[in-house]
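User: I would like to learn how to read a model like this one, feature by feature. Can we take it in turns?

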Amino acid sequence: MPRNRIIEDLNPPPRLLMGSGPVDVDPRVSRVMSMPMLGQFDPAFTEYMNEVMALYREIFQTENRWTFLVDGTARAGIEAIMVSIIEPGDTVLVPIFGRFGHLQAEIAGRCGAKVETIETEWGTVFSPDQIEDAVKKTAPKLVATCQGDTSTTMAQPLAEIGEICRNNGTLLYVDATASLVGMDLPVDAWKIDAVSVGLQKCLSGPPGVAPITFNDRIEEVVLKRKHIEEGIRPPGFKNGSGPRIASNYFDLPMLMDYWSEARLNHHTEATSMLYAAHECARIVLQCGLQESLDRHALASEAMVAGLQAMNLQIFGDLEHKMPNITGVYIPDGVNGDRVRADLLNDFGIEIGTSFGPLHGKIWRIGTMGYNCRKRNVLICLTALEATLRQNGMTPPASAGVEVAIAVYRKAGQ
Ligand SMILES: Cc1ncc(COP(=O)(O)O)c(C=O)c1O
């Protein structure tokens, strides 16, 4: 770029984000993000911090005291939980059913874990028995898995996994980034010890902060490793007996001191992201968590029915498909990248590509959060039909959109 050139104002093109996330941010969230800065120990701000903790306890359906935000995208939450729990040499079991399982295994490896994995073909999930067998065989300190893996659009059933882990003296961590409030996740009822998410999917916010929750079983493990940095260490504080956590930024015990009455200085909380997280949770809870789950389930039904009526084939085990994202095979003879480009250029609609073994084989269409609504499902199906016609396929005229309308009509909409 030549020096002294005046750079134009940012003016992002209007888009409808129907991919795997991020999705369009709810305007209520954009509004609160422009609100004034507050000092991080201003009583008004610490009150907002407390409110965020309370709001996310409801969202996670938990009584966990330790429910707060880690600054950074969703993987900041994954890293904070893993690096704080895993000591070098600990065994960690990761049931992998897509790209984000590989990510957990990779992060566990960086933490020095002895990583054990079981893998299932992309498009399938594990039975509880398969996970139980692996837990018994490997005796891990921690089982780490995803609820929904956007790379495959599959959702791992979790209701029984917490109990399996408890019976075998193992901790359970779940990455629910892609599924929370799109799928039910009663954290306490399902005995899940730690969960992390991001804002940019069903919570309708921008990427940049990771709400997490964990229980007293995790608290006990991480407090043994508590070391407070020099310069803020209170007089008389004694370090924990365990090895120091290898990250300062993601050190859960120090974050716990920051988010509790101790209010011990750590990082500068990402003020605008906290406002965003606060509003994202309020939006869900004002309508009701169940309403959010129902809306995602209905959109999935309409999207699947519409795509099938266009003679497209849905990817993967339908019984375990995430309701907020749908994988669809790219028809033979159709150039998948070209269709995505045409949708973007002609309609301003983004749908998702895919990676790993699915690259070039499927598109992934998201119906998440603020974008999960009837009109977007219908617009997307209509645009996709027109685009397929431009690209050498002739789906039955209007069949997709009409079937989707019928699904919504049946539901009284
Ligand atoms: C299941 C899951 N985990 C983790 C991530 C990573 O999130 P981020 O890119 O915000 O770090 C994603 C993003 O798509 C995801 O779907």
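User: By class, how many nonpolar, polar and charged residues are in the shell around the ligand?

Analyst: This is a predicted model. For a ligand shell, sort the residues by class. Here the shell has five nonpolar, six polar and three charged residues.

User: Which residues come nearest to the ligand?

Analyst: Thr 73, Ala 74, Arg 75, Thr 150 and Ala 178 do, out of 14 residues around the ligand.

User: Now the sheet. In what order do the seven strands run?

Analyst: Read a sheet from edge to edge. The order here is E2-E10-E9-E8-E5-E3-E4. The sheet is open, and its pairing is mixed.

User: Why is one side of E2 and of E4 left without a neighbour in the sheet?

Analyst: Strand E2 (66-71) and strand E4 (114-119) stand at the edges. Each has a single partner strand, so one side of each lacks a neighbour in the sheet. From one strand to the next, the twist averages 20°.

User: How many bridges join E9 to E10?

Analyst: Check the direction along with the bridges. Three bridges link strand E9 (residues 194-196) with strand E10 (residues 209-214), and the two run antiparallel. To find one such pair, start at Val 195: its bridge partner in E10 is Thr 213.

User: Which strands does helix H2 lie across?

Analyst: Helix H2 (residues 43-60) lies across E2, E9 and E10. Its angle to E2 is about 105°.

User: Let us turn to domains. What are the bounds of domain 1 and domain 2?

Analyst: The domain assignment gives 26-285 for domain 1 and 289-410 for domain 2. Their centres, taken over C-alpha atoms, are 31 Å apart. The contact takes 25 residues from domain 1 and 23 residues from domain 2.

User: Which elements each supply at least two residues of the side of domain 1 that touches domain 2?

Analyst: Strand E7 (154-155) and helix H9 (271-287) do. By class, that side of domain 1 has eleven nonpolar, ten polar and four charged residues.

User: How are H9 and H10 placed, roughly parallel or roughly perpendicular to each other?

Analyst: Read the crossing angle of the axes. For H9 and helix H10 (residues 289-309), the axes cross at roughly 90° and come within 5 Å. The two helices are therefore roughly perpendicular to each other.

User: Which residues meet there?

Analyst: From H9, Val 284, Leu 285 and Cys 287 meet Leu 289, Glu 291 and Ser 292 of H10. By class, this contact has four nonpolar, one polar and one charged residues.

Conventions. Residues are numbered from 1 along each chain as its sequence is written. This is a predicted model: local features need pLDDT of at least 70, side-chain atom pairs count only at pLDDT 80 or more; totals for chains, interfaces and linings use all residues. Two strands pair if DSSP finds at least two bridges between them. Helices (H or I, at least four residues) and strands (E, at least two) are DSSP runs, numbered from the N terminus. Axes are lines fitted to C-alpha atoms, for helices over the stretch in contact, and angles run from 0 to 180 degrees between N-to-C directions. Two residues are in contact if their C-beta atoms, placed from the backbone, lie within 7 Å. A residue is near a molecule or strand if its C-beta atom, placed from the backbone, lies within 6 Å of it. Ala, Val, Leu, Ile, Met, Phe, Trp, Tyr, Cys and Pro count as nonpolar, Asp, Glu, Lys and Arg as charged, and the others, Gly among them, as polar. Domain bounds come from an automatic or database domain assignment. Angles under 35 degrees count as roughly parallel, over 145 as roughly antiparallel, 65 to 115 as roughly perpendicular and the rest as oblique.
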